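The exercises below ask you to trace how strands and helices are put together in one chain. Please work through each task with the structure open before reading its solution.

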Amino acid sequence: MPRSKPSQTMITSVSAEPLNIPLYEPFTISTGRVTALRNVLIRVTLADGTVGLGEAAPFFPSGGETQETALAAIHGMIPLVQGQDAAHWRALAMHLTDSFELQETARTGMEMAVLDALTRSWEIPMYQFFGGAETRIETDISIPIEAPKHMAELAQRYAGSGAGVLKLKVGSQVDDDIDRVLAVAEAAPDCDLILDGNQGFTPTEALDLIEGLADEDVHPILFEQPVHRHDLEGLRFVTERAGVAVAADESVHTAADALRVAKMGAANVVNIKIMKYGIVEALNIATVCRAANIGLMVGAMIESRLGIAASAHFVAGFGGFRYVDLDTPMLLAEDPFAGGFEQDGMVYDLEQVRAGHGVTLK
Ligand SMILES: [Mg+2]
């Protein structure tokens, strides 16, 4: 284990500022429409001078946070964080959860910056800190809800640039969704498809969609959160009948939720997002899932290279994630950051990272 004197990894200062990046094109899901990333950049400085970077990615429709509330929450955390030793990161994260439970993305950004500073100070890459299971991961790429023709064009373009898995947002009208999915399947016949309902269906509508696609010989590899997050019975109803793997996303907010999903047999897979509950709780959820033989998926909010790199290190370090949905940097028209991973097609390679998550400001 790397060692350092506690005083060297003492947190001496924390700062936060807006992080605004335009998207190439507006992105629509069933809960909202986004034209720009409006996140928060967090810097944590240690006594030895090491600086760690973190990103908070508030998204009002899912967590009720905005850029403004996230900035305010991070400023409110400063008295709890300054003077603490980054080496005690689990205790620090739990302390933040006690006071800022609902400010999830703000807490995640702080945890990310603290762990980046710590692992940079210790001179180990973050993926090794999390276990060092793998050094490469391959992401899917998402296609927004648009007219079928436009979705087919995007699918063809992504398949041409090496995408093996396309993720589609569904959850509006079953017939329209079938048209869109068929258009994509026809345009990119060699790609696997993940459907994300974002809670948009009733259980029977969800099955109608899967059966309608099966009639055309289209079989998605995964169906994410078809029904409302609190309807675990409905989720199990779909899981038992769909004939394709079903993932819980919005239904899982804590390790206890993951345990409930596992006990009920409500889903085959859990989509884990560090931005939804923090890195420590994400580790707890991943551990519950592994113990319960629930498949691991990773997703993200609309995050820049910074947040996505942290998730990539988490996933590669823990290992065994079957579904990877970390494509949002490819939606951004600008990249203020460098490093974190080397990208080849849809593969993120972490092997060159020497310390922390490796992301720096350009
Ligand atoms: Mg989802």
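**Exercise 1.** In this predicted model, determine which handedness the β-α-β unit made by β11, helix α13 and β12 has.

*Solution.* Begin with the helix, α13, which spans residues 305–318 and together with β11 and β12 makes a β-α-β unit that is right-handed. Next, look at the two strands themselves: β11 (residues 295–298) and β12 (residues 321–324) run parallel and are joined by three bridges. Finally, follow the residues across the pair, where leucine 296 stands opposite phenylalanine 321 of β12, and methionine 297 stands opposite tyrosine 323 of β12.

**Exercise 2.** Place these strands in their sheet, and explain why one side of β5 and of β12 is left without a neighbour there.

*Solution.* The sheet is open and has eight strands, which pair in parallel in the order β5-β6-β7-β8-β9-β10-β11-β12. Because β5 (141–143) and β12 stand at the edges and each has a single partner strand, one side of each lacks a neighbour in the sheet. From one strand to the next, the twist averages 30 degrees. Helix α12 (residues 279–291) packs on this sheet, where it touches β10 (269–272) and β11, and its direction makes about 165 degrees with that of β10.

**Exercise 3.** Work out the strand order of the open sheet of three strands, and say which residue stands opposite glutamine 343.

*Solution.* The order is β4-β15-β14, with antiparallel pairing. β4 (136–138) and β14 (342–344) stand at the edges, each with a single partner strand, so one side of each has no neighbour in the sheet. Between β14 and β15 (residues 347–349) there are three bridges in the antiparallel sense, and glutamine 343 stands opposite tyrosine 348 in β15.

Note on methods
Residues numbered from 1 in each chain as written. Predicted model: local features only at pLDDT ≥ 70, side-chain atom pairs only at ≥ 80, totals over all residues. Pairing = 2+ DSSP bridges. Helix = DSSP H or I, 4+ residues; strand = E, 2+ residues; numbered from the N terminus. Right-handed = clockwise from strand over helix to strand, strands pointing away. Axes fitted to C-alpha atoms, helices over the stretch in contact; angles between N-to-C directions. Contact = placed C-beta atoms within 7 Å.
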